[in-house]
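Notebook open, coffee poured. Today I want to look up how one sheet is put together and where empty space is left inside.

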Amino acid sequence: MADIQTNLFINGEYVPSSSGKTLSIYSPNDESLVTDKVQVASESDVDKAVAAAKAAFPAWRDTSGAKRAAIMMKFADLLEKYVDKLASLESRAMGQPISLAKLFVLGPAAYWRYYAGYAGKVAGESFPPNEDGTYKIVQYEPLGVCAGICAWNGSHTLAAWKMAPAMATGNTFILKSSEKSPLSLAAYGDLINEAGFPPGVINVVTGAGAVGSLLASHMQIAKIAFTGSAFAGRAVMAAAAKSNLKHVSLELGGKSPALIFDDADLDNAVEHSSTSFLRNSGQICFAASRVLVQEGIASKFIEAIKTAFENANQKMGDPSLQDTLFGPLADKKQFERVMGFLNDGKAEGVQYLTGGERKGDKGTFVQPTVILNPDLKSKVYTDEIFGPVISVKTFKTEDEAIEMANNTSYGLGSTVYTSDIARALRVAGKIEAGTVGINAAFSTSPQTPFGGFKQSGYGRESGAEGLKEYLQPKTIHINMNVPAKKGQSEKIKFRSIGESAGGTFRFRNPGTDVLEADPEDPELIHYIGTTGVRTCVGVYFNLSDNSCFVAHINAIIRDVKGNATRICADEEEGVKIKEAIILKLQQEASSIPWAPADPAIESSLIIVCPMPDTPMAIVNIGDEPAKQTGWWIVEGIKEFLRLPNAWSERKAGFIVDHRNGHSQMLTHDGLAASRGVDPPERSMGEWLVSVSR
């Protein structure tokens, strides 16, 4: 991993911006230059990232859940492995204390593991026909190319909230980091490759609002998730609406209340209203910055909170030091914004219990600040400051507290402090906010959804609800009243026309009795069972007279040379395929010590493909001298079926083994016996795969 990675990450590679534009990052600790080479994505770069994600989507969508989960788990492991490096980059860019920055890397690893557990486990629904005669299926499918725009105050958490559920559900992704804190997410490219994500599945671009606008308005992006200010969120939503009406989820600002009742544990309420609130220097969207205290406990609380904030001021300093608890604001622009609120408050005559000034003469430090009883219309009380500033007001009754708490355009977080659990739940139910913490500052969890009410956005991240943001339901209705054609089964059918090797065929249909029929019947239909609803393709060869008969006329299977071949009831084409199979058998017979010298050219074969473009099963049918040949092919198939990811995930497939007048169905349980013949000395699983492909 490079010391500082500044390039874009597109289609599995680090690349510079096509425009040559860069942005600079300055240390909020001392305003020194960290780097001036961060690449800003151009419109062309965004298009390339989208094209890469779009190209990668079909294969990633079809990748097994187990494989996706393994890659995601590996990525979580890498977050932990490189925690020191990633935390250092975040701290240098936006001033997060190094001890906190490490937690902000390790915490998201849990989200990646949580969502990895969902990969391949997104279940659909089904409803019986009842009286309407319609069987109903609901299945949930990935959206396609998704994008996420992260705020700067918790890069790794916000990235995990967006990317992990998208990866688990089979979407591809373009992540845009904040221009204030791009360095740690820029380093993701190496981790993405090391974890095993295919090229294009995850792309990382950098830039300011203009790059976010390109993503929000892109016609090939199906969904965008945004975390940031309400103003920027409206712009994202408008761009999405004006382009392709893409799915949008918004996690916006907050001006969250903390309600502290007379019966609350005072020390606990003070601790969470000070230390917990000031973590990340108040730059947490759901932090409770409006503290409402019941009059009976107000004086004690005010005295204690003043002391706590003054003590916190002594623990604010250089974010690179392990014992620093509170750091600077993210950059100069954020510093000027917070100081603007404080200066305007002073001009209004707002009372500052403590703080209200810049800390030191360098960097972007602001003293932990307590504002006492501001006017309800004062901007320091109504607007999101996003800094180490709280306002304290008092209330008399529970109803008054709820009314004050809900008197805001935001609805992201809230906290209730009381020893009365009935009151806690009653008040929590009446607060207009997406999250409520009881007797503790709210803390996110992988198991629960996060998001806001009102102008704090819509949609949810984290938990099972976060997974649903990256899925779209598809409803399928099946008319069950259409009768089957005469002589056909509702099961998958295999039509055999013409001669056979002799004897009576027996096909075991799962869940039914053994069906017997005379193979000489020219219109005979043998019923072949299946474990799913996908099509089985069966091709019957009689190698003695070069006849080729087909179960499904336009089915595509893969021939032994690995080329897609369209099979039709054409004798000439059937002969070509037959000859290719025989040639392969002859070639393999010379290299396999336990194979017979003659690969039973005079016998018959059945070739079975569970679905298009998947390995075939080749089964010999016939008596001596084909008996031994049929045995080792069938045994090889049985072994192949036991291999991981063979037919166990394909939901369909069958094998017919007809030897000495005895036939039986082989499903992926491998039912056929060896007929008393000793097994071969080595595995035939690989041989069968080579023949099948």
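My entries on the sheet, the helices on it and the cavities follow.

**Sheet.** I'm working with a predicted model here. I looked up the strand order first and got an open sheet of 7 strands, β14-β15-β16-β13-β12-β17-β18, with mixed pairing. Then I checked the edges: β14 (351-354) and β18 (437-438) each have a single partner strand, so one side of each is left without a neighbour in the sheet. I zoomed in on the β14 end, where β14 pairs with β15 (residues 369-372) in the antiparallel sense over 3 bridges. For Y352, the bridge partner in β15 is I371.

**Helices.** Next I asked what lies across these strands. α12 (residues 332-348) lies across β14, β15 and β16, and runs at about 120° to β14. α10 (residues 266-278) lies across β12 (256-260), β13 (288-294), β16 (389-395) and β17 (415-417), at about 155° to β17.

**Cavities.** I searched the whole structure and found 4 cavities of 30 Å³ or more. The largest holds about 90 Å³ of space. It has 13 lining residues, with G282, A287, S289, E384 and F386 the closest to its centre. I sorted that lining by class and got 7 nonpolar, 4 polar and 2 charged residues.

The second largest cavity comes to about 70 Å³. Which residues lie nearest its centre? I noted P257, A405, T408, Y410 and G411, out of 15 in the lining. β12 and α14 (398-406) each supply at least two lining residues there. By class, that lining divides into 6 nonpolar, 5 polar and 4 charged.

Technical notes. Residues are numbered from 1 along each chain as its sequence is written. This is a predicted model: local features need pLDDT of at least 70, side-chain atom pairs count only at pLDDT 80 or more; totals for chains, interfaces and linings use all residues. Side-chain values use heavy atoms; hydrogens and water are left out. Two strands pair if DSSP finds at least two bridges between them. Helices (H or I, at least four residues) and strands (E, at least two) are DSSP runs, numbered from the N terminus. Contact means heavy atoms within 4.5 Å. Axes are lines fitted to C-alpha atoms, for helices over the stretch in contact, and angles run from 0 to 180 degrees between N-to-C directions. On a 1 Å grid over the protein atoms alone, a cavity is a set of points where a 1.4 Å probe fits but cannot get out, and a pocket is an open set with protein on both sides within 12 Å along at least five of seven lines; lining residues have an atom within 4 Å of a point. Grid points are joined across faces, edges and corners, and a volume is the space filled by probe spheres set on the points. Ala, Val, Leu, Ile, Met, Phe, Trp, Tyr, Cys and Pro count as nonpolar, Asp, Glu, Lys and Arg as charged, and the others, Gly among them, as polar.
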